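Visitor: I have just opened this structure and would like to learn how to read it. Could you take me through it step by step?

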Amino acid sequence: MHTVHRLTLEDALVMLTAAEEEARRIGVKQTICIADDGAHPIALHRMTGARLTGVEIAIAKAFTAAGHQRDTHKFNEPPNGPALPGNEAFGINQMLPGKFAIFVGGFPIVHEGEVVGAVGVSGGNGDQDKAVGAAALRAFQEKIATA
């Protein structure tokens with residue numbers, strides 16, 4: 001028997017709130033997507049004034065992070081990022097056009113060693129997307145620590 005943990009809408013709302021607070025603190029308008037372990041969005045929030053394109057990008061980042069169980073930017077980190085030219089997964093982003101993101105902003109949500117979902121963040125530069133994603137992940141860890 002295997003126990004499966006599932007994110008709830010309440011979990012997602014806690015993460016979205018923390019992510020938006022961090023985005024406001026650093027002065028960037030973000031779109032944040034929280035997806036479940038099947039890479040399906042549970043909740044999506046586009047801050048007022050955030051780019052319209054951020055919606056699809058945040059969803060793709062969450063999809064990729066959940067589905068491949070890794071931070072999306074790790075696909076392109078030199079020298080061994082698997083999606084870099086000449087490496088084993090070069091072109092992987094073409095397998096699911098529009099759904100597979102191999103740049104910064106997608107982060108798996110891990111609970112008890114298992115990926116239970118992902119956060120996708122779009123709207124800032126790489127450091128800003130990482131900061132907003134990290135805030136969402138911290139909020140999740142704090143929530144489950146007090147449960």
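Visitor: How many of the 9 residues of S4 are buried?

Guide: A word on the source first: this is a predicted model, in which local features need pLDDT of at least 70 and side-chain atom pairs count only at pLDDT 80 or more, while totals for chains, interfaces and linings use all residues. Residues are numbered from 1 along each chain as its sequence is written, and side-chain values use heavy atoms, with hydrogens and water left out. Buried means under 20% relative accessible area, exposed means over 50%, and partly exposed lies in between (1.4 Å probe, protein chains only). In S4, 8 of the 9 residues are buried, so this strand is largely enclosed by the rest of the structure.

Visitor: What do labels such as S4 stand for?

Guide: Helices (H or I, at least four residues) and strands (E, at least two) are DSSP runs, numbered from the N terminus.

Visitor: In what order do the 4 strands of the open sheet come?

Guide: Two strands pair if DSSP finds at least two bridges between them. Here the order is S2-S1-S4-S3, with antiparallel pairing. S2 and S3 stand at the edges with a single partner strand each, so one side of each has no neighbour in the sheet. On average, neighbouring strands are turned by 15 degrees against each other, direction ignored. For such angles, axes are lines fitted to C-alpha atoms, for helices over the stretch in contact, and angles run from 0 to 180 degrees between N-to-C directions.

Visitor: Which residues are bridge partners of Ile 32 and Ile 109 in S4?

Guide: Ile 32 is paired with Val 121, and Ile 109 with Gly 117. On the S2 side, Ile 32 stands opposite His 45, while Cys 33 has Leu 44 as its bridge partner. As a general idea, side chains in a regular strand alternate between the two faces of the sheet. Counting bridges, S1 and S4 share 6, S3 and S4 are joined by 6, and S1 (residues 31–36) pairs with S2 (residues 41–46) over 5.

Visitor: Where are the hairpins, and what is special in their turns?

Guide: S1 and S2 form one with 4 residues between them, and Ala 39 in that turn has a positive phi of about 75 degrees. S3 and S4 form another with 2 residues between them; there, Glu 112 has a positive phi of about 50 degrees.

Visitor: Which strands do H1 and H2 touch when they pack on the sheet?

Guide: Contact means heavy atoms within 4.5 Å. H1 touches S1, S2, S3 and S4, and its direction makes about 25 degrees with that of S2. H2 also touches S1, S2, S3 and S4, with its direction at about 155 degrees to that of S4. Among the buried residues of H2 are Ala 58, Ala 62 and Phe 63, and the elements covering its buried residues include H3. Just after H2, Gln 69 takes a positive phi of about 55 degrees.

Visitor: Which residues have the most contacts inside the largest nonpolar core?

Guide: A nonpolar core is a set of buried Ala, Val, Leu, Ile, Met, Phe, Trp, Tyr and Cys residues joined through side-chain atoms within 4.5 Å. The largest one has 19 residues, and those with the most contacts inside it are Leu 7, Met 15, Ile 32, Ile 34, Ile 109 and Val 119. H1, S1, S3, S4 and H3 each supply at least two of its residues, and H1 gives the most, with 5. Ile 109 touches residues including Leu 7, Met 15, Ile 34, Leu 137 and Phe 140. A second, separate core of 9 residues includes Cys 33, Ala 35, Ala 58 and Phe 63.

Visitor: Are Glu 22 and Asp 127 buried or exposed?

Guide: Glu 22, in helix H1 (residues 9–26), counts as buried because its relative accessibility is 11%. Its side chain makes a polar contact of 2.9 Å with that of Arg 25; such a contact is a pair of N or O atoms within 3.5 Å, where within protein one must be able to donate a hydrogen and the other to accept it, and residues adjacent in sequence count only if both atoms are side-chain atoms. Not counting residues up to four places away in sequence, Glu 22 touches Ala 131, Val 132 and Ala 135. Asp 127, in helix H3 (residues 126–145), counts as exposed because its relative accessibility is 61%.
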